Amino acid sequence: MRIGIMIGTLLVLTASIDASGQTPAAPAGHFEFEAKSPKFWDLFDKSAALEKVASGFSFTEGPVWDEKGGFLYVSEEDQNRVMRVYPDGRVETVLSIGDPDGATFDQHHRLIETASVLRAMIALAPDGKYQVLADKYQGKKLNSPNDVVLGPDGALYFTDPTYDLVKGEKQELPYQAIFRMKDSGALKLLATDMNMPNGLAFSPDGKRLYVDDTRAREIRVYDFIAGEMKNGRLFAREEQARESAEGGDGPDGMKVDVQGNVWVTGTGGIWVFDPEGTHLGTVHLIEPAANFAWGDADFSTLYLCGRASMYKLKTKVKGFVPYVVYAK
């Protein structure tokens, strides 16, 4: 039996559990846990609540928790702006810019944004001023940088699919790639073997780099050795489960927790895989989510980017946050 209680903006839904330790599938548009393994409950309290933080958006992406300020930087793709979103629901526009997407802090706590319309990687200052770090590789324009993560070596790693290539503009690079970027903006091409590279994340030990291939509905994993990606292989696949009811475009945003579990947005919500690629379960959400971030003081709260609203959900595990671990 599942019970829903609405208290202000707080939506509480308990998860029904069968004899096998699994939960039945949730209908579209409802928050619910779907466990595929008893280990899923090591990550969540069964009575955990989904709380709406703020609303009035069109397409939120690229959330980054600022541990110094206690707020999120969030990209609003359709409204063409980068915002600060506070846990109490306050929203401030930092920068108006065409179609911002993924973001992270670098090792110096500079906010790094992927700017699709500029076809560039930019560094954004708190006052809204920005600097273009890289927009070309070997004299050719980047496609549409999508997501970015700080690596254990202090460099930034980003994906450059054609996913958000500006309509009417020409694709100049003959591939969709993964790049390494130094603080100076100097680029190194690492991989071109994916259909549409999207979200990416490092394992806590820095020895693996996970990358979503949205078009193939796959998560790939590479051995990370001295700034190079080696031995690319399939890590996990997001099946088109209940796609007709819930929609979904394949894996997108990705994060890792301190235990090495891989968390990925996908059909219906957030899919969670253990370090061996076993699907532990899915968090079904009220709205489709493109991305999410670890936040709050202990980085154990998921801040989720729905289409129209931002939500948060407490977990029993801490997130692995590279820009905190690798900060200088």
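Here is a short chat about some strands in this predicted model.

Colleague: Hi! What should I know about the model before we start?
Modeller: It is a predicted model, where local features need pLDDT of at least 70 and side-chain atom pairs count only at pLDDT 80 or more, while totals for chains, interfaces and linings use all residues. Residues are numbered from 1 along each chain as its sequence is written, and side-chain values use heavy atoms, leaving out hydrogens and water.

Colleague: Thanks. Is strand β11 enclosed by the rest of the structure or not, and why?
Modeller: Largely enclosed, because five of the five residues in β11 (residues 120-124) are buried. Buried means under 20% relative accessible area with a 1.4 Å probe, protein chains only, and strands are DSSP runs of E, at least two residues, numbered from the N terminus.

Colleague: And which way do the residues of β11 point?
Modeller: A120, I122 and L124 point one way, M121 and A123 the other.

Colleague: Which residue of β11 is the bridge partner of T114?
Modeller: That is M121. Strand β10 (residues 111-115) runs antiparallel to β11, with five bridges joining them; two strands pair if DSSP finds at least two bridges between them. Four residues lie between β10 and β11 in their hairpin, and R119 in the turn has a positive phi of about 55°.

Colleague: What about β12: how many bridges join β11 to it?
Modeller: Four, again antiparallel, and L124 stands opposite Y130 in β12.

Colleague: New topic: in what order do the strands of the open sheet come?
Modeller: β19-β20-β21-β22, with antiparallel pairing. The edge strands are β19 (197-202) and β22 (228-237).

How values were computed
Buried means under 20% relative accessible area, exposed over 50%, partly exposed in between (1.4 Å probe, protein chains only).
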